[in-house]
Amino acid sequence: MVREHLQRSEPLLHTLRSAFEIASALVLLSAFSAAATQCPGQISECGCVIGAPGNYLVISQLKASSAGGDCIAVEAPDVALNLGGVAITGPGLESTPNTTGVHLTKKAKNAILVGSGATISGFSFGVVIETEGANVGGFAATDDGTGVYVSFAKRCRVYNFDASSGDAG
């Protein structure tokens, strides 16, 4: 009797296991597609995350899409990011709220951001600093809602920059 019951429920168990495997695969795929890509050492497009300590260089002009979010997010300590003197352009203040040119997150302790004369424009926030020990300078944040936004940061140095034409410096 037990054997007959198990044999009858075997197709149902197989179907349930297959459904579970498909659902698990879909969850994994959506997690991978939602995750931002890791920035290479030489950055040539918006939408990436710096997740490891080291030196990074922006090698060409960057243009953010209208999707919102960060053009470059720094989420690792001891990162040196050189903007290479290029233009980093957002989608414009009217098109998408909550966009950021360069975001130094809480994890970006002791980050160094060297603009080398770069211009960051068209974002809700040109540069956001939320970490400790950051050194940031050498750029212009123009036509952003807020040029440089410092939030809960400690022992940071912001120098030699211009924030103009936005709502706040």
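Is F161 buried, partly exposed or exposed? With a relative accessibility of 35%, F161 counts as partly exposed. Keep in mind that you're looking at a predicted model. F161 comes back further down, once the overall picture is in place.

**The overall picture**

Let's start with the whole thing. The protein has 169 residues, and 36% of them count as buried. Its secondary structure comes to one helix and 14 strands. If you take the contacts with a separation of 6 or more, 50% of them are between residues 24 or more positions apart. As for the outside, the protein exposes about 9,600 Å², with carbon and sulfur atoms supplying 57% of that area.

**The open sheet**

Now for the strands. Six of them make up an open sheet, and if you walk across it you meet β1, β3, β6, β9, β11 and β13 in that order, with parallel pairing. At the edges sit β1 (37-38) and β13, each of which pairs on one side only. Within this sheet, have a look at β6 (residues 69-74) and β9 (residues 99-104): these two run parallel and are joined by five bridges. To find a spot to zoom in on, try I72, whose bridge partner in β9 is V102.

**Aromatic pairs**

Next come the rings. A pair of aromatic rings is described by the distance of the centres and the angle of the planes. Searching the whole structure turns up two such pairs, listed here:

| Pair | Centre to centre | Between the planes | Arrangement |
|---|---|---|---|
| F125 and Y149 | 5.3 Å | 50 degrees | tilted |
| F139 and F161 | 5.8 Å | 25 degrees | stacked |

The F125 and Y149 pair links distant parts of the chain: F125 belongs to strand β11 (residues 125-129) and Y149 to strand β13 (residues 146-150), 24 residues apart. F125 has 23% relative accessibility, so it counts as partly exposed. Y149 is partly exposed as well, because its relative accessible area is 38%.

The F139 and F161 pair also links distant parts of the chain, with F139 in strand β12 (residues 135-142) and F161 in strand β14 (residues 157-164), 22 residues apart. Here the two rings get different labels: F139 is at 3% relative accessibility and therefore counts as buried, whereas F161, at 35%, counts as partly exposed.

**A charge over a ring**

One last thing to look for: which residue lies over the face of Y159? That's R157, at 4.3 Å from the ring centre.

Methods
Residues are numbered from 1 along each chain as its sequence is written. This is a predicted model: local features need pLDDT of at least 70, side-chain atom pairs count only at pLDDT 80 or more; totals for chains, interfaces and linings use all residues. Side-chain values use heavy atoms; hydrogens and water are left out. Rings of Phe, Tyr and Trp (its six-membered ring) pair if their centres lie within 6.5 Å; planes under 30 degrees apart count as stacked, over 60 as edge-to-face and the rest as tilted. Helices (H or I, at least four residues) and strands (E, at least two) are DSSP runs, numbered from the N terminus. Buried means under 20% relative accessible area, exposed over 50%, partly exposed in between (1.4 Å probe, protein chains only). A charge sits over a ring if NZ of Lys or CZ of Arg is within 6 Å of the ring centre and within 35 degrees of the ring normal. Contact means heavy atoms within 4.5 Å. Accessible areas come from the Shrake-Rupley method with a 1.4 Å probe; for residues, only the protein chains shown count as cover. Two strands pair if DSSP finds at least two bridges between them.
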